[in-house]
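Please open the structure in your viewer and keep the selection tool at hand, since each stop on this tour begins with something to select.

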Amino acid sequence: MIDPELNRPAASQAAPASLFGTVVFPGDAHCEAFSSPARPREHWQPLVTALDATGAETLNLRQDRVRRMRHEDGATYNPFDDPTGKGTPWSLEMIPLPITAGEWAGLEAGLIQRARLLEKILADTYGPQHLLKEGRIPSELVFANPHFLRPCHGIQPAGGRFLTYYAADLYRGADGRFRVFRDYGGNPAGLGYALENRIVISRVFPELYHQTQIRRLAPFFHSFHHSLIQRASLRRDDPGIVLLSPGPDSRIYFEHALLSRYLGYPLVEGQDLTVRNGKVFLKKLAGLEPVEAIIRLTSDDSSDPFALRRETATGVAGLIQVSREQNIDIVNPIGSGFVDTPVLSVFLPALCQQLTGENLLLENHPAWWCGTADGRDYVLANLEQLIVGPAMDRSTPPPLPDERMAAIQASPHTFMAREPVRPSVVPAWDRSSVNSRNTLLRVFACATDEGFTVMPGGLAITAADVDTLISGSPEHQQSKDIWVLSDQPVEPFSLMGGLQAVAEFRRSSDLPSRVADHLLWLGRYLERAEGLVRLLRSVFRRLSGEARPGDIPELPFLLNLLRADRIFPPVPDDGFDIPRYRELSAHLNAALYDKDRPESVVAILKRVQDAARNVRDRLSLDSWRVINRLEDFADNPASDPLELLDDTLFTLSAFSGLAMESMTRGLGWRFMDMGRRVERAMNQAGLIRIGLPQVCGEFRSALEALLEVADSIMTYRARYRSAYQLAPVLDLLIVDESNPKSLAFQFSQLVAHVEHLPRQSDRRFASPEERLALEMLTAVRLLDLSGLRCSKGVAQTEGLADFLDLVDVRLKDFTRQISAHYLTRVQATPHYSTIPGDRQP
């Protein structure tokens, strides 16, 4: 329980007005925090005192910190119709919701009983169907229910559990009693967000959290993990457990990535898995790896496109048949979405007596099914006082108010009605004061060897009005952390300390082909963005000075580099006048901010974020926070372009530094770095090829500009301490293997990377990609630049152009070979789309 002495104000000080003085005390709803106006409930009193002592100004700062931490962590809810491509930030309100130990014990017992009951119903529905034959449940509830999947009938789950993971939405009525409003069995959501809320709030209020006896969440996750590995099909030291996600397009992909990182299970998509000989395998670079358990984060109807005859890319063809043969343990089994049927709750009191011999401990929200004569008559007689909705599928829109009676009479079994909900209210911080918001509690349970266990906490979902709370989208709601208080001291618990000992100290760094593909392109997009930012920064640096555009000799050279990448129109031959200068500014602005231009900075940064989102579970929190900063680029079109480019380059460099110093030298790092090396080599060769015809003409300052864009000007100055000359510049940019920006350095890195790529078997000869990398490195080492000179304004390059053309061809061949040997196990990804101006292999 909360320490009553925490943050108690000194007796000599006059107590300031309470921040909770503005809380509205509703007459027709239960108030969680106050028993009457200005009288906090006993378990709320220490929390109210502590927050009052903190003060409004400090609370505002902490709420800003909460918002900043969620942004840095990437805690978002992704609406499908968001035109900006950004996820809506997950809204966390910082005042927690405490629940006493005694009250939680009652909820815990009711939830365990309910989970057991629902599992028995699932086992019967997909098994002998005694309840159906005896008339305990109507036939419409099964055969007219889209949540009942006929292909799953008769399957006995490999782990023996029909319901491993369960969630429910509860509310407290005006009488102070909790009732169940909704059940979730198919794909319960919110567990990761509950974990994120606890992590954030414990950091924002560390003293309050540590001095309060709050039950920890980690033991629940340990029980979840332990129950999986103890099942008969998983009795080995290193069980093959994966989390199956729909991918970044999922509205709650943040949760999937967080759970993957926290539990230590690989996050996979449907295209990462394949069925062979009645078993499931994970497609990795080194081959196929067996999978023994799948924590399914996809919907029932998209889990197996073959058996369910659905056109979906998120499932695994043949998965239901593997489950039928008991060669895979699926959590929850496909078809468990039957629990989500809204009208099922109407039958639970009678079914509880029938199956367990007990009364239902947690009441349902009052509801009536129109499929029975009594239920239909009651609903039609009280139509104005009830809320009519779908009986079988929550996603079905309810009938319009003036069409309800006709709809019910035409198809009564598809409708049910509920009493209006009047949930309890909780205090919520609102910048300068505390107001009241309606709340639902989402709680979670999982199956263990000894039955079900309930997570001591969860999500308190809040909204300003009841309609938004019940049927609104999460982007219009807020959430709270639920603190379950303990009567006993709470021992610290580490999830990592409770997991099994590792089978080997250094495991293989093999990874799925899809992940390797996204990491390769993440490296390419990062390098592409950095190269374009450096080029545009050089242009804006010159335009921001006192010289007019027509007086900047190297400006046409820089603009020609932009034109070569299809970012800019041709440069005028007769200089820049004022109208053309305005046109130049418009083109440069488009190169920065035009989202419809695939070659613009904002478009390439969007690709960086998309590629990173696909491998989010593979990136450290620090790396992800850096990636999140790139979102700010499109939000600052009115800022100084030069300052914005400097900040963006700093952000990109920060990510590169983290990758270099923090990522282990496994296959993930190698594929991302290969992408960078390929893109940098292509960019460097392109710059030199375009610049060669001009560097010896009237644009002698073009050599300096070329070194600046290639990020090698300081090296040149320190090494030569002389005027810019063609041969030394090209030596530095092409053949100097000590320069990280040179072509030779890129080729040497590619040679090192391909030597460490996995092979199916021992081979006597080099692979095609190895031969190509060695050919490029050898060619650059044999390149003779001694004859390069400028003569009468013309560069005497003698074969250099042919070398650069050869490099371009070989780099494209190299990327094709890498894709053919390692990335063809996955379907075509968005990176391979033909985008004008996008340098694709």
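Helices (H or I, at least four residues) and strands (E, at least two) are DSSP runs, numbered from the N terminus. This is a predicted model, in which local features need pLDDT of at least 70 and side-chain atom pairs count only at pLDDT 80 or more, while totals for chains, interfaces and linings use all residues. Residues are numbered from 1 along each chain as its sequence is written, and side-chain values use heavy atoms, with hydrogens and water left out.

Select S424 to begin, and you will find this residue in the loop between β18 (415-418) and β19 (425-430). S424 is buried, with a relative accessible area of 1%, where buried means under 20%, exposed over 50% and partly exposed in between (1.4 Å probe, protein chains only). Now add E32, whose side chain is joined to that of S424 by a polar contact of 2.8 Å; such a contact is a pair of N or O atoms within 3.5 Å, and within protein one must be able to donate a hydrogen and the other to accept it, while residues adjacent in sequence count only if both atoms are side-chain atoms.

Next, select helix α16 (residues 513-543), which gives the most to the largest nonpolar core, with 16 residues. A nonpolar core is a set of buried Ala, Val, Leu, Ile, Met, Phe, Trp, Tyr and Cys residues joined through side-chain atoms within 4.5 Å. This core has 104 residues, and L522, L536, L562, F671, F747 and F814 touch the most other members. Apart from it lies another core, of 97 residues, including Y166 and W483.
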